[in-house]
Amino acid sequence: MSLRADAPPTATAVRRFGRAQRWAHRATAVLMGVCVATAACLYLPQLAQLVGRRALVVTLHQWSGLALPVPVLAALASRAFRADLGRLNRFGPHDRVWLRAALRRDKRPASRPAGKFNAGQKVYAAWIAGATLVMLGTGLLMWFTHLTPLVWRTSATFVHDWLALTIGIVLAGHIGMALADPEARRGMRTGSVDRDWAEREHPLWRP
């Protein structure tokens with residue numbers, strides 16, 4: 001990590017994320033990427049033939065999935081990270097206003113009030129956290145086949161496969177929205193964002 005990335009924000013910038021938040025996000029993104037890539041290699045015949053070494057791919061998929069909660073659990077040692085989790089877990093009246101505006105495709109900043117995290121980010125965080133836990137549970141049932149009856153394994157496989165497809169679609173949307181907002185990406189990359197962007201996109205946030 002460079003000194004510049006951890007330097008205090010300038011007069012035209014505000015600190016949005018600390019080191020713990022950024023590294024938890026990056027580590028989770030890498031592990032999730034490995035999970036998605038290996039899952040694609042396991043389920044798409046064209047990729048399976050291209051990559052080969054199915055046993056290695058299965059091992060990478062299993063262990064990256066098992067390690068997926070580790071970055072978040074490690075980051076809980078950070079007070080700033082815990083504070084952000086609290087913000088993500090709280091919905092207020094302004095979040096309902098934001099969601100209604102999003103459903104109407106109203107992109108005016110005034111119609112989308114938001115604190116440090118907008119309602120869309122809160123919904124995504126809650127959904128992906130729950131989906132990860134379900135994937136972890138069903139994956140363990142599929143991994144330790146000798147510990148569970150056949151009907152459990154069959155049900156776990158069904159849920160795991162279809163939820164994996166849903167996660168892939170949701171992640172594609174998440175990445176697409178990130179690509180459309182360079183300043184949000186800069187905040188996750190360096191920790192700081194432009195003050196004008198913060199006031200426009202997150203007017204209720206008081207850094």
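In this predicted model, helix H8 has a set of buried residues: Ala119, Lys122, Ile128, Ala131, Thr132, Met135, Thr138 and Gly139. Their cover includes helix H2 (19-43), helix H6 (79-88), helix H7 (93-103) and H9. An α-helix has 3.6 residues a turn, so residues three or four places apart point the same way.

The length of H8 was checked against its residue count. The helix covers residues 119-143, 25 residues in total. At 1.5 Å a residue, a span of 36 Å is expected, and the end C-alpha atoms lie 36 Å apart, so the two values agree. A polar contact marks the start of H8: a side-chain oxygen of Asn118 comes within 3.0 Å of the backbone nitrogen of Gly120.

The loop between H7 and H8 holds Arg105. Arg105 is not a glycine, yet its phi is positive, at about 60°. Its relative accessibility is 72%. Arg105 is therefore classed as exposed, since the cut-off is over 50%.

A nonpolar patch of about 620 Å² lies on the surface. Val134, Phe158, Val159, Trp162, Leu165 and Ile169 make up this patch. Helix H9 (residues 150-179) is the main contributor, giving 5 residues. One of the patch residues, Trp162, is placed in H9. Trp162 has a relative accessible area of 52% and is therefore exposed, as this value is over 50%. H9 thus appears in two settings: it is among the elements that cover the buried residues of H8, and it gives the most to the nonpolar patch.

Terms used: Residues are numbered from 1 along each chain as its sequence is written. This is a predicted model: local features need pLDDT of at least 70, side-chain atom pairs count only at pLDDT 80 or more; totals for chains, interfaces and linings use all residues. Side-chain values use heavy atoms; hydrogens and water are left out. Patches are made of residues with over 30% relative accessible area and no salt bridge: like charges are joined within 9 Å, nonpolar side chains (Val, Leu, Ile, Met, Phe, Trp, Tyr) within 5 Å. Accessible areas come from the Shrake-Rupley method with a 1.4 Å probe; for residues, only the protein chains shown count as cover. A salt bridge is a side-chain nitrogen of Lys or Arg within 4 Å of a carboxyl oxygen of Asp or Glu. Helices (H or I, at least four residues) and strands (E, at least two) are DSSP runs, numbered from the N terminus. Buried means under 20% relative accessible area, exposed over 50%, partly exposed in between (1.4 Å probe, protein chains only). The expected span of a helix is 1.5 Å times one less than its number of residues. Contact means heavy atoms within 4.5 Å. A polar contact is a pair of N or O atoms within 3.5 Å; within protein, one must be able to donate a hydrogen and the other to accept it, and residues adjacent in sequence count only if both atoms are side-chain atoms.
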